[in-house]
Amino acid sequence: MSDKKLTEANLQDYIAEKLGELGWRVEEWGRGVKGERKSLNEIVLENRLFEAIERINGLELNDKEKKEILSKLLLLPNSIEGIKVFLEEYLKYGVPLTLERGKREIAKQIFLIDFENPENNDFLAVREFEIEERDVRKRFDFCLFINGIPLVIIETKNPFAEEEEEERTWYAAYKDLIDYEKAVPGIFKFVQFCIATDGYTAKYFPNYYAESYETELSTWETTYPLEIKTSKLFESLDKAIYGMLTKQNLVDLVENFIFIKKFKDRYIKIIARWMQFKAANKIFERVTKEKDKKLGLIWHWQGSGKSLTMAFAAWKLFRHVKLEQPTIFIVVDRRDLQKQLVEKEFLPIGIEFVETVKNTRQLVNILKWGGKDRKGKRGIFVCLIQKFSPKKLKKLHDEGEINLDRENIVIFTDESHRSQYGTLATTMRGIFKNAFIFGFTGTPLTKPERNTFAKFSPEGEIYLDRFGMLDSIKDGFTLPIRYEARLPEVHIKPEEIEELGRYEEEVLEELSDEERKIWKRKIRPKVAFLKSEERIEKVCRDIAEYFKNRVEKTGFKAMIAVVDRECCVLFKRKLDELLGEKYCEIVMTYLAKEKSTVLKEYREEISRRFKHSEFDKINEKIISQFKDEEFPKILIVSDMLLTGFDAKNLWTLFLYKPLKEHRLLQAIARTNRPYPNKEFGLVVDYIGIAEYLEEALEMFETDFLKEAKLFIRKLEESEKEFEELINELKAIFSGMEIKDLKDVNNAVEFLILNDKEEEFLSKMRRLRRLYELISPSEVTFRYADVYSILTSVEIALRRYRRRELRLEEIERMARKTYELIQKTIGIDKIEKVGEIEVNKELEKLEKERRPIAAIRVISEVSRKVYGKKGDFYVSIRKEIEKIYRELKTKKIVTKEIIERIKQVNERLTKREAERKRYGEVYPIFEVLKSNLDENLALNTSKEIFEELKIKGLLKKDNFLKESRRRRIRRVIREKIIDRLGYVENLDEIENKIFVNLEGEYG
């Protein structure tokens, strides 16, 4: 179907056609679903459910057994607990049921879906599916059933709406879905995810009765495994349909990629992102179908959720019948990563067959498991690479104690860099001769001696799956990074950075104890130099000033990475003096016997402060407060949190630690998580790394290097962007002078008449975010007056076009902008921008015939009728839009336009006066006065109103419930019949009164 044809078609027709192509049976009307439901209260399509159950499970059910299964499903509570039981027990493992066959009782798990053979299931898409619950009725644009169980809901908005139709975007569809979940919650314990779309954009999110899913809204950016050409017009929607709703993919998503995750003290539902789904399935395909290829590299940029990708892949592999319960090792090189994977990824989503390998002895027992056969233990094991002790394991291997040659062993190595080059990795590879080994990295190296591709990619393949910086930023999963060098006088030499970085990252891993001691003696003076009192004083003063002036006012938080644990304490003590004790906290490891007096004293101090010595819990508490509470605002770290730490409110990393290669990139990527009004992550360098960052990137793969150069840039780039946006905004006005507030109206008039509104507002949104992040700076100081006036134009334009940007919003979201306006223009003056008196403005309009005067009057009238229901308000809005479009087209104010504006205003003024005169009965009287004389209309209105009031029907909740809506209509109808008899246009009168009341009270 061509795009031209699509633009003439209805969006729902398009979705129905695509689903039909994928093998779904599509029903066009969902009230009774062609006799399959006896009432609108029925959520599950019973006939389809039991036909599928009998087919899948190979048995016949009696009525009692059917009733028991249905009861177990329908009696689940409408809560996350009910969702959890349905998904994690009934859907994935089957409904427990005792069958009575003769005198025998047979305990069985009754499977609801055939996961192994997707085509063996019943796929039904019902259009305009109606559901009623607790007297509330809702209609879903599409409800998708597998075996009679509703699993997906699609809500659409018309992409071809007329200009005057409001709120016709995917976001409005999303808001409707939130409303449905609250109004008819019963169906949503079964629904796994929803899709909101206007065709151009399609967003999905998992359902679990959350107040909002704003942070979970995502787009599906692949048709994998289908290779299919998507529509240019509806590309986003096509990817969602072909990527999520094919029979195979939807069944796969439900079984392997949707989980209930424990998050702190509550449960949430999570669903895979598209790149996680694709990578996990490519791993699965390689292990199950490509026996000749034993390797694969998953190259996903930092922040893309590699840990969850491993969890999804491990879960799917372990459940696969033909793999006969494999042994899966997840190998990491840091203890905190090991703990994080187990405690924050696997266990919270219910993958309980996972073990932490605590020591080499435990690893040996796992490898020797199985007596004489030495087949090894089955399960998922998270292990430090260091536990693969070359000396001990080689001896056991040579003696025949360990010889794991089976193929259902899978190894994932996280951040495949130093841990996979050298004797430890060689030992691991020697033991697992036929294992599948997959490397996960965000930063693949290409140095000859440490080439990631050579270690993890089969011949002729660079990577098994790739999700780069460009992909990540395009999809909104991560942000670009900016860096700024500060205090160049304290920077160290590049060769010292190289030496210190090499000491920390590489050398210590493969040296003997004696060699380590030599190295430590060698670098000790350099580390001591970095911890000198004078240097720490200077750096901390600059950090404190930078944080107060540039970071704190944005509402974001910061992290300081320092050279070692002792340095953490020295920094905290100095910053406590400068900022106050509540601003900073340290997250680090604590030893039972600290050699350093500084560390020993701090260990005692923090134990007293938290009233216990469980340091892991102290660290967890600090991290939780950093993410969720006002204080602390700065974390000080040395090693912990520089990898794997995910805090969206973290914006700035102050770097006082020599890092290189992937460790540097991992550290700076802590700042790249998206957050409202956050344009980029910021790295402030006090060590000198920024000066040769580009050179430090040279050892990475070529494509990565190109992307890195695009998205890891100096802060000056954002300052230049701010200046460029200022110039672009000035250029929009084609030489107009906008010097102060008196020029604001001229600017607004120009923008509206020349169709520049959207362009201006889009650039201003970006300019405001940049201002908040880069000020104070020389460039924002230079353009302070221009920026203030442009912000005034934006406020006026938004007020005139009902896109309010109020000062309180600016104060809350953009504090630096608010302070600037207060300083340069004055809040009292800005508050009056856009304020008008209609009569005075009409006089001005008749005298001067300026379009801006017409726009100002139209704006005020629009404000008064915005969002109100009823024929009167609808007609006013339509007339206003017509006048507005004509004004934009003609670009002059004609006598006819003035007359029409006056008429609209007079109609509104007259109605307001009438509304005041007749009071609360006016919504009813307004309708009746057209059909009756005034006294009869007024008396009838009063009777209807009093009856509704006595019965408590004039409350907002009553207009949300179908039974109450019917009661309101019945009262209106009966009172009209009592007073007037059966009038000819009774239905029309009743409906108009109801709409008016709904507009007033609903």
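**Figure 1. Phe-571 and its aromatic partner Tyr-656 in the predicted model**. Phe-571 is buried, with a relative accessible area of 0%. Tyr-656 likewise counts as buried, at 1% relative accessibility. The two residues form a tilted aromatic pair, with 5.3 Å from centre to centre and 45° between the planes. Phe-571 belongs to helix H20 (residues 565–579) and Tyr-656 to strand S22 (residues 650–656), so the pair ties together parts that are 85 residues apart in sequence.

**Figure 2. The aromatic pair of Phe-259 and Trp-315**. The ring centres of Phe-259 and Trp-315 are 5.1 Å apart and the planes stand at 85°, so the arrangement is edge-to-face. Phe-259 is located in strand S9 (residues 258–263), whereas Trp-315 is located in helix H10 (residues 306–319); the pair therefore ties together parts that are 56 residues apart in sequence. Both residues are buried. Ring pairs also link them into a cluster with Tyr-204, Trp-220, Phe-257, Phe-277 and Phe-312. In the model, the count of aromatic pairs comes to 39.

**Figure 3. Lysine residues over phenylalanine rings**. Lys-92 lies over the face of Phe-259, at 3.8 Å from the ring centre. At a second site, the charged end of Lys-294 sits over the ring of Phe-436, 4.3 Å from the centre of that ring.

**Figure 4. The surroundings of Asp-465 in strand S17**. Strand S17 comprises residues 465–467 and includes Asp-465. With a relative accessibility of 1%, Asp-465 counts as buried. Its side chain is joined to that of Lys-278 by a polar contact of 2.7 Å. Beyond four places in sequence, Asp-465 touches Met-275, Lys-278, Ala-279, Lys-282, Leu-297, Ile-298, Trp-299 and His-300.

**Figure 5. Cysteine residues without disulfides**. A search of the whole structure finds zero disulfides. For Cys-540, the closest cysteine sulfur is that of Cys-567, at 7.9 Å, which is too far for a bond. For Cys-568, the closest cysteine sulfur is also in Cys-567, at 6.8 Å, again too far for a bond. Cys-540 is buried, with a relative accessible area of 0%, and Cys-568 is buried with a relative accessible area of 0%.

**Figure 6. Model confidence and stretches of low pLDDT**. The protein chain averages a pLDDT of 81, and 83% of the residues score at least 70. Over residues 1–8 the pLDDT stays under 50, and the model has 13 contacts beyond four places in sequence for this stretch. Residues 162–166 also have a pLDDT below 50, with six contacts in the model beyond near neighbours in sequence.

Conventions: Residues are numbered from 1 along each chain as its sequence is written. This is a predicted model: local features need pLDDT of at least 70, side-chain atom pairs count only at pLDDT 80 or more; totals for chains, interfaces and linings use all residues. Side-chain values use heavy atoms; hydrogens and water are left out. A disulfide is a pair of cysteine sulfur atoms within 2.5 Å. Buried means under 20% relative accessible area, exposed over 50%, partly exposed in between (1.4 Å probe, protein chains only). Helices (H or I, at least four residues) and strands (E, at least two) are DSSP runs, numbered from the N terminus. A polar contact is a pair of N or O atoms within 3.5 Å; within protein, one must be able to donate a hydrogen and the other to accept it, and residues adjacent in sequence count only if both atoms are side-chain atoms. Contact means heavy atoms within 4.5 Å. pLDDT is the predictor's confidence in each residue, from 0 to 100. Rings of Phe, Tyr and Trp (its six-membered ring) pair if their centres lie within 6.5 Å; planes under 30 degrees apart count as stacked, over 60 as edge-to-face and the rest as tilted. A charge sits over a ring if NZ of Lys or CZ of Arg is within 6 Å of the ring centre and within 35 degrees of the ring normal.
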